[in-house]
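Q: Please take a close look at one helix in this chain. I would like to know how it sits among its neighbours and what its surface looks like.

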Amino acid sequence: MASINQNSKRNSIDTKDFTPILDPELERSHLENVKYAEQWQICCSKSDPEGLKYIVQLGVGIIVLVFSMIQICVADHDQDVSIYFSLISMILGIFLPSPKFIQNED
């Protein structure tokens with residue numbers, strides 16, 4: 001058992017002694033490959049996932065806002081429209097950033 005443990009210590013690489021040689025061109029091509037691998041193939045184009053998610057969220061949010069506003073405008077006086085005001089405030093709460101208070105050190 002002790003000989004197995006000693007053999008594994010001899011075969012392991014000490015990471016302190018390992019210094020990689022960085023080639024800027026190789027590093028750049030590696031980063032481009034990583035970025036290329038993270039793109040989504042949609043129909044005939046390649047898209048950035050974060051950008052596509054943002055556009056879809058924005059589109060759905062605008063659709064919900066417009067729908068809620070139309071429902072409020074066409075509602076009868078006796079009809080309850082509180083759900084549409086709640087939808088509008090929820091979507092605006094998602095889109096608008098929360099305020100950040102900074103204290104001055106005077």
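A: What follows goes from the whole chain to helix H3 and its two kinds of surroundings.

This is a predicted model. The chain holds four helices and two strands. Along the sequence they run α-α-β-β-α-α. Of the 106 residues, 9% are buried. Contacts between residues 24 or more positions apart make up 19% of those with a separation of 6 or more. The chain exposes about 10100 Å², and carbon and sulfur atoms supply 62% of that area.

Now the helix. H3 covers residues 49–74, which is 26 residues. From first C-alpha to last it reaches 38 Å, close to the 38 Å expected at 1.5 Å a residue.

Take the buried positions next. Pro49, Gly61, Leu65 and Ser68 of H3 are buried. Their cover includes strand E1 (40–42), strand E2 (45–47) and helix H4 (82–95).

Then the exposed side. A nonpolar patch lies on the surface, with about 1200 Å² of accessible area together. H3 gives the most to this patch, with seven residues. H3 and H4 each supply at least two. Patch members include Tyr54, Ile55, Leu58, Ile62 and Val66, along with Met90, Leu92 and Phe95. An α-helix has 3.6 residues a turn, so residues three or four places apart point the same way.

Ile55 is one patch member to inspect. Its place is in helix H3. Ile55 counts as exposed because its relative accessible area is 56%, and the cut-off for exposed is over 50%.

Technical notes:
Residues are numbered from 1 along each chain as its sequence is written. This is a predicted model: local features need pLDDT of at least 70, side-chain atom pairs count only at pLDDT 80 or more; totals for chains, interfaces and linings use all residues. Side-chain values use heavy atoms; hydrogens and water are left out. The expected span of a helix is 1.5 Å times one less than its number of residues. Buried means under 20% relative accessible area, exposed over 50%, partly exposed in between (1.4 Å probe, protein chains only). Contact means heavy atoms within 4.5 Å. Patches are made of residues with over 30% relative accessible area and no salt bridge: like charges are joined within 9 Å, nonpolar side chains (Val, Leu, Ile, Met, Phe, Trp, Tyr) within 5 Å. Accessible areas come from the Shrake-Rupley method with a 1.4 Å probe; for residues, only the protein chains shown count as cover. A salt bridge is a side-chain nitrogen of Lys or Arg within 4 Å of a carboxyl oxygen of Asp or Glu.
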